[in-house]
Amino acid sequence: MNSDTKVLTRVRLGAAGLLIAALATGCGTITYHAGESFDPLRIKHALQPGVSDSAQVTAVLGAPNGTGRAMMPYHDAPRTVWTYYYADGAVDPGSGEVQENRRYLFVFLDDGIFEGYMWFKSKLQ
């Protein structure tokens, strides 16, 4: 199981545990968060493709949630990829209403040099 899968599994198990606890005790809305929030605009202004190195990426974003290798269609060879994940939300056990915000960030490095990033978010209500 890779690091990203482990993080998602922990988030899901934690949310399920909180939901069960709330149902058992009759609690109100449960809020949660996982990972560290990141600002894509900060990345855009703080890191330069082809110039910034992995230490600078860590200084801006912190340690990644996971690492691996990937090859995008425009790459000539696989690149190192650092992944970051953040989620927050609320669950109302009484109504079943769920509000959730997730953000994923993929940072591409080649021989320790920052090449770029890709991010997306999902806001479910």
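A quick bit of vocabulary before you start clicking: a residue counts as buried under 20% relative accessible area, as exposed over 50%, and as partly exposed in between. Keep in mind, too, that what you have open is a predicted model.

**Stop 1: the whole chain**

Switch to a cartoon view and follow the chain from its start. You'll pass three helices and five strands, and along the sequence they come in the order α-β-α-α-β-β-β-β. Now colour by accessibility: of the 125 residues in the chain, 30% are buried. Next, think about contacts between residues at least 6 apart in sequence: 52% of these join residues at least 24 apart.

**Stop 2: Arg-79 and its partners**

Time for some charges. Side chains of opposite charge can pair when their charged atoms come close. In this model the count comes to four salt bridges.

Select Arg-79 and Asp-110 and show their side chains. They form a salt bridge in which the closest N and O atoms are 3.9 Å apart. That value still makes the list because the cut-off is 4 Å. Where do the two residues sit along the chain? Arg-79 belongs to strand E3 (residues 79-91) and Asp-110 to strand E4 (residues 98-110), so this pair ties together parts that are 31 residues apart in sequence.

Keep Arg-79 selected and add Glu-115. Here is another salt bridge, with 2.8 Å from N to O. This pair also links distant parts of the chain: Glu-115 is in strand E5 (residues 113-124) and Arg-79 is in strand E3, 36 residues away.

Turn on the surface for a moment. Which of these residues are buried, and which are partly exposed? Arg-79 has a relative accessible area of 8%, so it counts as buried. Asp-110 comes out at 31%, so it is partly exposed. Glu-115 is partly exposed too, at 31% relative accessibility.

**Stop 3: Glu-100 and Arg-102**

Now pick Glu-100 and Arg-102. They make a salt bridge with the closest N and O atoms 3.0 Å apart. Glu-100 is buried at 12% relative accessible area, whereas Arg-102 is partly exposed at 23%.

Then go back to Arg-79 and select Asp-76, Arg-79, Asp-110 and Glu-115 together: salt bridges with shared partners join these four into one network.

**Stop 4: the turn-off at Asp-111**

From Asp-110, step along to Asp-111, in the loop between E4 and E5. Check its backbone angles: phi is near 50°, a positive value in a residue other than glycine. Is Asp-111 buried or exposed? At 75% relative accessibility, Asp-111 counts as exposed.

**Stop 5: a cluster of rings**

Hide the charges and show the aromatic side chains. A pair of aromatic rings is described by the distance of the centres and the angle of the planes. The tally here is four aromatic pairs.

Select Tyr-85 and Tyr-104 to see a tilted pair, 5.1 Å from centre to centre with 50° between the planes. Tyr-85 is in strand E3 and Tyr-104 in strand E4, 19 residues apart, so the rings link distant parts of the chain. Both Tyr-85 and Tyr-104 are buried.

Next, select Phe-106 and Phe-120. These two are stacked, with 6.1 Å between the centres and 20° between the planes. They bring together strand E4, home of Phe-106, and strand E5, home of Phe-120, across 14 residues of sequence. Phe-120 is partly exposed, with a relative accessible area of 41%.

Now show all of them at once: ring pairs link Tyr-85, Tyr-104, Phe-106 and Phe-120 into a cluster.

For one more ring, select Phe-38 and Arg-103. Arg-103 lies over the face of Phe-38, 5.6 Å from the ring centre.

**Stop 6: helix H3**

Last, select helix H3 (residues 54-61) and mark its buried residues Val-57, Val-60 and Leu-61. Why can you see them on the same side of H3? They cover an arc of only 80° around the axis, which puts them on that one side. Spin the view to the other side of H3, where Ala-55 and Ala-59 are exposed.

Then look at the two ends. At the N-terminal end of H3, Asp-53 acts as a cap: one of its side-chain oxygens lies 3.2 Å from the backbone nitrogen of Ala-55. Just after H3 comes Gly-62, with a positive phi of about 85°.

Definitions and conventions: Residues numbered from 1 in each chain as written. Predicted model: local features only at pLDDT ≥ 70, side-chain atom pairs only at ≥ 80, totals over all residues. Heavy atoms only, no water. Helix = DSSP H or I, 4+ residues; strand = E, 2+ residues; numbered from the N terminus. Buried < 20%, exposed > 50% of the residue type's maximum accessible area, 1.4 Å probe, protein only. Phe/Tyr/Trp six-rings, centres within 6.5 Å; stacked < 30°, edge-to-face > 60°. Lys NZ or Arg CZ within 6 Å of the ring centre and 35° of its normal. Arc of directions from axis to C-beta. Polar contact = N/O pair within 3.5 Å; in protein donor to acceptor, adjacent residues only side chain to side chain. Contact = heavy atoms within 4.5 Å.
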